[in-house]
Amino acid sequence: MSNEITPRPALGKPTIVPPPKGYSGSGFMTTKLEDAIGLARKNSIWPLPFATSCCGIEFMATMASNYDLARFGMERLSFSPRQSDLLMVMGTIAKKMAPVLRDVYTQMAEPKWVLSVGACASSGGIFDTYSVLQGIDRVIPVDVYVPGCPPRPEQIIDGILKIQELVANEGFRRRYSKDYEHLLKTYKID
Amino acid sequence: MPAPAFAIKTDRDQLTIDKLVAAFGDGVLSHERISDMLVITVKKPVIHAVLKFLRDEVDFNFLTSMGGMHYADRDALGLVFHLHSMRNGHRIRLKTETPMKDPVFPTFTDLWPTTNWMEREAWDFFGIQFSGHPNLKRILNMEDFPAFPLRKDYPLEDPTREDKDDSYFGR
């Protein structure tokens with residue numbers, strides 16, 4: 001038995017994200033600060049998985065090696081709301097849990113985004129009953145909805161790409177705007 | 001018909017009925033066998049004494065479960081007990097009813113501490129009160145829930161839902 005180490009197959013050249021639009025010359029580049037920050041934020045999102053049922057299982061598949069969420073700059077999931085940028089709500093939210101979800105959302109630092117995965121989180125789904133919250137948008141603002149019961153990992157990834165688009169193109173001043181303040185006020189979040 | 005999960009013990013059933021009738025007379029309203037289990041219905045005032053009697057004198061040492069009921073047709077609330085005699089391998093079901101206007105039973109926590117949470121559940125979902133319960137508050141629903149959701153007059157669908165078009169559901 002030989003102890004020789006078989007060489008690893010050559011990997012393709014790693015790709016990097018293209019730079020934002022701007023004016024460049026030899027040794028310098030100018031662009032908008034907003035675009036540069038958007039680029040950085042877009043590719044380093046820390047998601048907080050709030051997985052309560054079967055959509056959470058689909059998310060685990062999305063996170064694992066076959067679908068590999070890490071490809072989109074999400075190697076590290078944050079299990080502390082204070083350090084995360086993206087709240088991923090996956091599963092049925094009981095009415096008793098609504099205040100908990102809202103607490104988690106308010107604990108997150110700005111800027112923050114919310115992805116609602118699956119029929120239950122988006123609308124209550126089949127659980128049209130006294131104990132289930134009929135969509136998380138009754139307690140927190142949602143940026144992207146992913147339909148499905150449960151959605152396939154491809155759909156969840158599609159939702160995440162949509163979130164990335166929002167993150168990249170969000171105006172730098174949006175979180176300080178009157179509109180945003182008004183939005184939070186409609187959800188009674190200070 | 002599938003085989004019953006527990007052997008039907010006709011002799012034990014009859015013995016239980018005889019003992020109960022001898023001790024409580026009119027307190028025992030009816031008895032019948034549904035599927036593989038004896039079902040005894042007793043009057044509300046004697047329910048606590050009947051349970052104590054069954055536990056101490058007829059050897060039903062284990063309370064499998066207790067749950068609330070709502071009989072919408074006769075405007076009554078009820079309790080159903082499942083009792084199990086470990087020694088005799090014998091199970092019975094015990095029922096009792098109270099009118100909707102007076103939904104109060106004595107607590108059974110002095111007989112079986114396990115009824116603590118079961119009584120809280122019956123309160124939570126049916127609004128049945130248990131006088132003497134050490135901590136009678138909602139157990140599963142949120143604490144400020146405004147109704148008793150398993151009563152038959154409570155709407156099945158969430159009343160806050162706006163997106164459902166009745167024509168899709170044939171109504």
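**Exercise 1. Classify A:K188, and say where it lies.**

Solution.
- Step 1: count neighbours. A:K188 has 8 C-beta neighbours inside 10 Å.
- Step 2: apply the cut-off. A residue with 12 or fewer is exposed, so A:K188 counts as exposed.
- Step 3: place the residue. A:K188 lies in the segment after helix 6 (178-186) of chain A.
- Step 4: check the backbone. Phi of A:K188 is near 55°, which is positive although the residue is not glycine.

Keep in mind throughout that this is a predicted model.

**Exercise 2. Do the same for B:S35 in chain B.**

Solution.
- Step 1: find the residue. B:S35 sits in the loop between strand 1 and strand 2 of chain B.
- Step 2: count neighbours. There are 11 C-beta neighbours inside 10 Å, so B:S35 counts as exposed.
- Step 3: read phi. For B:S35, phi is near 55°, a positive value in a residue other than glycine.

**Exercise 3. Describe the surroundings of A:K112, and find the cis peptide bonds of A:P111 and A:P150.**

Solution.
- Step 1: locate A:K112. The residue is in the loop between helix 3 (98-107) and strand 5 (113-117) of chain A.
- Step 2: judge exposure. A:K112 has 19 other C-beta atoms within 10 Å. Buried needs 20 or more, and exposed needs 12 or fewer. A:K112 is therefore partly exposed.
- Step 3: list contacts. Leaving out residues up to four places away in sequence, A:K112 touches A:D85 and A:L87.
- Step 4: take a distance. A:K112 and A:G124 are 12 residues apart along the chain, and their C-alpha atoms are separated by 23 Å.
- Step 5: look at A:P111. This proline lies in the loop between helix 3 and strand 5 of chain A. The peptide bond from A:E110 to A:P111 is cis, with omega near -5°.
- Step 6: look at A:P150. The bond from A:C149 to A:P150 is cis, with omega near -10°. A:P150 lies in the loop between strand 6 (144-146) and helix 5 of chain A.

**Exercise 4. How do helix 1 and helix 5 of chain A pack?**

Solution.
- Step 1: take the geometry. Helix 1 (residues 33-42) and helix 5 (residues 153-169) of chain A pack at an angle of about 155°, and their axes are 7 Å apart.
- Step 2: name the arrangement. Angles over 145 degrees count as roughly antiparallel. That makes helix 1 of chain A roughly antiparallel to helix 5 of chain A.
- Step 3: give the hand. The crossing of helix 1 and helix 5 of chain A is right-handed.
- Step 4: list the residues. Helix 1 of chain A contributes A:G38, A:L39, A:R41 and A:K42, while helix 5 of chain A contributes A:Q164, A:V167, A:A168 and A:N169.
- Step 5: sort by class. This contact has three nonpolar, three polar and two charged residues.

**Exercise 5. Map the five-stranded open sheet of chain B.**

Solution.
- Step 1: start with the whole chain. Chain B has three helices and seven strands. From the N terminus on, they run α-β-β-α-β-β-β-β-α-β.
- Step 2: write the strand order. Five strands form an open sheet in the order 1-2-5-4-3, with mixed pairing.
- Step 3: find the edges. Strand 1 (28-34) and strand 3 (62-71) of chain B each have a single partner strand, so one side of each is left without a neighbour in the sheet.
- Step 4: note the twist. It averages 20° from one strand to the next.
- Step 5: read the pairs.
  - Strand 3 and strand 4 (residues 76-85) of chain B pair in the antiparallel sense over nine bridges. B:F62 has B:H84 in strand 4 as its bridge partner.
  - Strand 4 and strand 5 of chain B pair in the antiparallel sense over 10 bridges. B:L77 has B:T98 in strand 5 as its bridge partner.
  - Strand 2 and strand 5 of chain B pair in the parallel sense over four bridges. B:V39 stands opposite B:R93 in strand 5.
- Step 6: inspect the hairpin. Strand 4 and strand 5 of chain B have four residues between them, and B:G89 there takes a positive phi near 60°.

**Exercise 6. How many residues does each chain give to the contact between chain A and chain B?**

Solution.
- Step 1: count both sides. Chain A gives nine residues and chain B gives nine residues.
- Step 2: sort the side of chain A that touches chain B. It has one nonpolar, five polar and three charged residues.

Note on methods:
Residues are numbered from 1 along each chain as its sequence is written. Chains are lettered from A and ligands numbered from 1 in the order in which they are written. This is a predicted model: local features need pLDDT of at least 70, side-chain atom pairs count only at pLDDT 80 or more; totals for chains, interfaces and linings use all residues. Two residues are in contact if their C-beta atoms, placed from the backbone, lie within 7 Å. Ala, Val, Leu, Ile, Met, Phe, Trp, Tyr, Cys and Pro count as nonpolar, Asp, Glu, Lys and Arg as charged, and the others, Gly among them, as polar. Axes are lines fitted to C-alpha atoms, for helices over the stretch in contact, and angles run from 0 to 180 degrees between N-to-C directions. Helices (H or I, at least four residues) and strands (E, at least two) are DSSP runs, numbered from the N terminus. Angles under 35 degrees count as roughly parallel, over 145 as roughly antiparallel, 65 to 115 as roughly perpendicular and the rest as oblique. A crossing is left-handed if the near helix is turned anticlockwise from the far one by less than a right angle, and right-handed if clockwise. Two strands pair if DSSP finds at least two bridges between them.
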